[in-house]
Amino acid sequence: MQIKCTINNRIFVEDIQVDMLLIDFLRHLGFLSVKRGCDTANCGLCTVWIDNKTVLSCSILAVSVNEKHVTTLEGIQDEAIEFGKFIASEGAEQCGYCSPGFIMNVLAMKRELVNPTEDSIKHYLSGNLCRCTGYMGQLRAIKKFLNATRGGCLSESS
Amino acid sequence: MKVVNKGIDKLDAMSLVTGKPVYTDDIAPENCLIVKVLRSPHAYAKILSIIIDKALKVPGIECILTYQDVPQKRFTMAGQSYPEPSPYDRLILDEYVRYVGDPVVIVAGVNVKAVNKALKLIKVNYEVLKPILNMEEAIDNSIVIHSEDDYHLNFDIGNDVKRNLCASGSFKSGNVDEELKSCHVVVDEQYHTKANNQAMMETFSTYTYLDYNGRVNIITSTQIPFHVRRIVAKALDIPKTKVRVIKPRIGGGFGAKQTVVSEIFPAIVTMKTGKPAKMIFNRFETFCASTSRHEMKIRIKLGADKEGNIKAISIYTLSNTGAYGEHGPTTVGLSGHKTMTLYNKASSFKFDYDVVYTNTMSAGAFRGYGATQGAFALESAINELAVKLNMDPIELRQKNLLEEGDIMTTYYGETLTSCNLDNCINKGKELVGWNEKYPYRRISDSKVRSVGVAITMQGSGISGIDMASVQIRLNDDGYYTLLIGATDMGTGCDTILAQMAAECLECNMDQIVVNGVDTDQSPYDSGSYASSTTYITGMSVVKACNKLIEQMIVEASKILIVQKETLEFDGQKIYNSEKSITLDKLAQKLVVGDGNYLMANASHSSLSSPPPFMAGFVEIELDTQTGKIDIIDFFGIVDCGTTINPKLAKIQVEGGIVQGIGMALYEEVSYSTTGKMMNNSFMQYKIPSRLDIGNIHVNFESSYEPTGPFGAKSIGEVVINTPCPAIAHAVYNAVGVNIRSLPITSEKILLSIINSR
Ligand code: FES
Ligand code: FES
């Protein structure tokens, strides 16, 4: 069927099979930052935004974004670079395969949570798996990033 | 040092964090045929017939291959230097299937839908055979898993395939049995470690095409490009000249990609059809049709005198290699040699092992490679020995620890040239607050906090076997190209090797261009495994840079017309007290007229494999009513020699510890009674999330390894070994039960508590 949607501020009108998953649709259109790490909606690598809310693109059909606005990491490169520098300076992008989904979720968290505690950060991101880094470096990067971009400190972990 | 020992950002960092298309599936062309494999539903069966007529008629299907259509040359998928120690017991497709998941039919078509439809329409008739699923029943079973006549061995590995024995061996020094008799205390226990999945986030991914010379190009997510070239050529029965392997960025490996898992299938499709093809494993296949960590049962006998001097260590390891022998003969050795060497002061050692075939998925390489399994067993036994001696487990270790200068009897007679383990232990003891917290503190009626400890070692490359070459070139404008065959799998070897080159050549990082692996261009490297890259390839970099400097000085002396002995190089210029030429000028002069384009090659291998060391300390909180464990803190104190890039090394330690925590607490590949893998998804096979790990703290207590580049040893594997025994120890210290079978689940703890009442 035909769908019309906005992806990273560009309008797409596409004829697609009704059973196509959003992840495959996005990758097919060349948004290759969207990664697949599992078949069971457990890894978080495929995280994108629909109307600014995070979703697992492996878990919904492409047709469901009809008339909606999808954002992938390609659409927010400035922010990706800004936060990415903090990740890089911790060395916390090891293989980097989990990075796009992780960054999409961190940037969504930044919009949603005000001064999150360490625990609420961990909870917010618990669906984003990373097999390489052990998560500690990611956490250091997030804290430094939030501090730097808000000019304020996080409230202490409870 | 200006560049080495600095936390420099990875060269590829910004492209990874901005989501650039750099992985195999991102760069595969759209027109690739999709390749999938029909897999055996039976643990052991003979194929009687395969009916493919209907499948062939599905529109878009280009190629269907059964065992009758593929070369019948046995090989091993294990990525090891040639000739491989692993037996040649595989075919691309075989008449017999030996585990649930063994490939039966290869199907390729223009899209996923067509291929899936074709797979459903293929009918296979099997004669189902009784499998062996329990490794303790393998030896001398009436069922024989490999009875093929063309089974082949390159070495005497103690194999007796008619008895399902893939490999066996023994080692001894002194008389363990006699010593044990005279010991004041003896620990005699068996420990059981399970199969684990490497679970790297990028699944096995490969695409292939024929180039204009009719050669098959394989772009693949691998740790071992040069072994892939050789193994694929052998399996397809074509000359190696016909194969080229390129490694893009890799989404993790941890040993899984030290085996040729996905490459052969698209390669043979491309050979047969002439068309590009790709195979991207889904997560289910990545779990159930690859290789896991070897399951091991390890019996330890350990004896000491009254004062706690360890006298005798005896280890027997039974290892399960599954249906095929990939890495079977080699992993097992580490369970002994890389554990008991820590207690080198003992007067007698014995190590025996058997590696057996069963009808489960083949085991293979996984970070730690047998040392992890052995560390759980021996370190747990050491902790149990301390209890019997009524001695502090740290004191017991420090009393018996190997020391710099020791000849390591159980480590191939090598001399220990660098070791700071004692200080690692002291540091960890202080950081965890051992004196205040050991053994436990009661927090509430049902909660106990306790601490645990373990130490470990690994190697740095495989002595006398691993080989790495590099080439460094001086380009016009005075920048360098570093060509390496070592495989950056995310851990940053492109960056740290460039750091070493920049240090030698006294230049900035941006003057070095690193060229990743393409077997047509890169110099040979055995690959990124066995913790070899920093130590072995790093040394090649140092050698090559020194050679290049010599060449530059010779050329400068010709231009300046001075004796080369008078010249020096400072990174910017070559000069003596009177004359000088800038690097830039020299480089430009060398590429015009009768110039001389400078390239220096070097190869390196090492006769020793200096061990890195680590002490791991954990504090847990245990709920005595439910058996639930929370990790509070984990302290990893590491001696990896000089850290070339401390920040990347730190991430490796944190990542390794977390993988170790997963192995300790819940990771276990399990099978049904018919041999079907029960947990082949992240829904069922849980790896640690960021909520499960407590706080990880990393410290380095570096020694200086004289045979390593800038004093470096290795880091990649040693970091996974301590969590299992340290956590088991903490559980004992909390509730007085010894869990000797991994993973240490709440159920096991609770049952043991109940049973011990
Ligand atoms: S691909 Fe794993 S959650 Fe979507
Ligand atoms: S960096 Fe490799 S999975 Fe996260």
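Select Arg215(B) and Asp211(B): in this predicted model, the two side chains form a salt bridge whose closest N and O atoms are 4.0 Å apart. Arg215(B) has a relative accessible area of 15% and is therefore buried. Asp211(B), at 15% relative accessibility, counts as buried because the cut-off lies at under 20%.

Next, display Arg27(A), Lys35(A), Asp25(B), Asp26(B) and Lys278(B) together. Salt bridges with shared partners join these residues into one network.

**The contact of chains A and B**

Colour the two chains separately and turn to the contact. Chain A contributes 53 residues to it and chain B contributes 55. Between them, the chains bury about 4300 Å², with 58% of that area on carbon and sulfur atoms. On the side of chain A, select Gln94(A), Arg131(A) and Met136(A), which lose the most area to chain B and together account for 20% of what that side buries.

Six salt bridges are found across this interface. To inspect a further pair, select Arg140(A) and Glu654(B), whose side chains meet in a salt bridge at 2.8 Å, N to O.

**Salt bridges between distant parts of chain B**

Over all chains, a search of the whole structure yields 53 salt bridges. Select Glu148(B) and Arg98(B), where the N to O distance is 3.1 Å. Glu148(B) sits in the loop between strand 6 (123-128) and strand 7 (165-173) of chain B, Arg98(B) in the loop between strand 4 (96-97) and strand 5 (103-109), and the two are 50 residues apart. Both Glu148(B) and Arg98(B) are buried.

Move on to Lys194(B) and Glu668(B), a salt bridge with its closest N and O atoms 3.0 Å apart. Lys194(B) belongs to the loop between strand 8 (185-193) and strand 9 (205-210) of chain B, and Glu668(B) to the loop between helix 17 (646-665) and strand 29 (695-700), so the pair ties together parts 474 residues apart in sequence. Lys194(B) is buried at a relative accessible area of 11%, whereas Glu668(B) is partly exposed at 24%.

**A nonpolar patch on the surface**

Finally, show the surface of chain B and select Val591(B), Val592(B), Tyr597(B) and Met599(B). These residues form a nonpolar patch with about 330 Å² of accessible area together. Within the patch, centre on Tyr597(B), which is found in the loop between helix 16 (583-589) and strand 26 (599-604) of chain B. Its relative accessible area is 34%, so Tyr597(B) is partly exposed.

**Confidence**

Colouring chain B by pLDDT completes the tour: the mean is 97, and 100% of its residues reach 70 or more. The model scores ipTM 0.97 and pTM 0.97.

Terms used:
Residues are numbered from 1 along each chain as its sequence is written. Chains are lettered from A and ligands numbered from 1 in the order in which they are written. This is a predicted model: local features need pLDDT of at least 70, side-chain atom pairs count only at pLDDT 80 or more; totals for chains, interfaces and linings use all residues. Side-chain values use heavy atoms; hydrogens and water are left out. Patches are made of residues with over 30% relative accessible area and no salt bridge: like charges are joined within 9 Å, nonpolar side chains (Val, Leu, Ile, Met, Phe, Trp, Tyr) within 5 Å. Accessible areas come from the Shrake-Rupley method with a 1.4 Å probe; for residues, only the protein chains shown count as cover. Helices (H or I, at least four residues) and strands (E, at least two) are DSSP runs, numbered from the N terminus. Buried means under 20% relative accessible area, exposed over 50%, partly exposed in between (1.4 Å probe, protein chains only). pLDDT is the predictor's confidence in each residue, from 0 to 100. Contact means heavy atoms within 4.5 Å. Buried area is the accessible area (1.4 Å probe) that two parts lose on being put together, summed over both.
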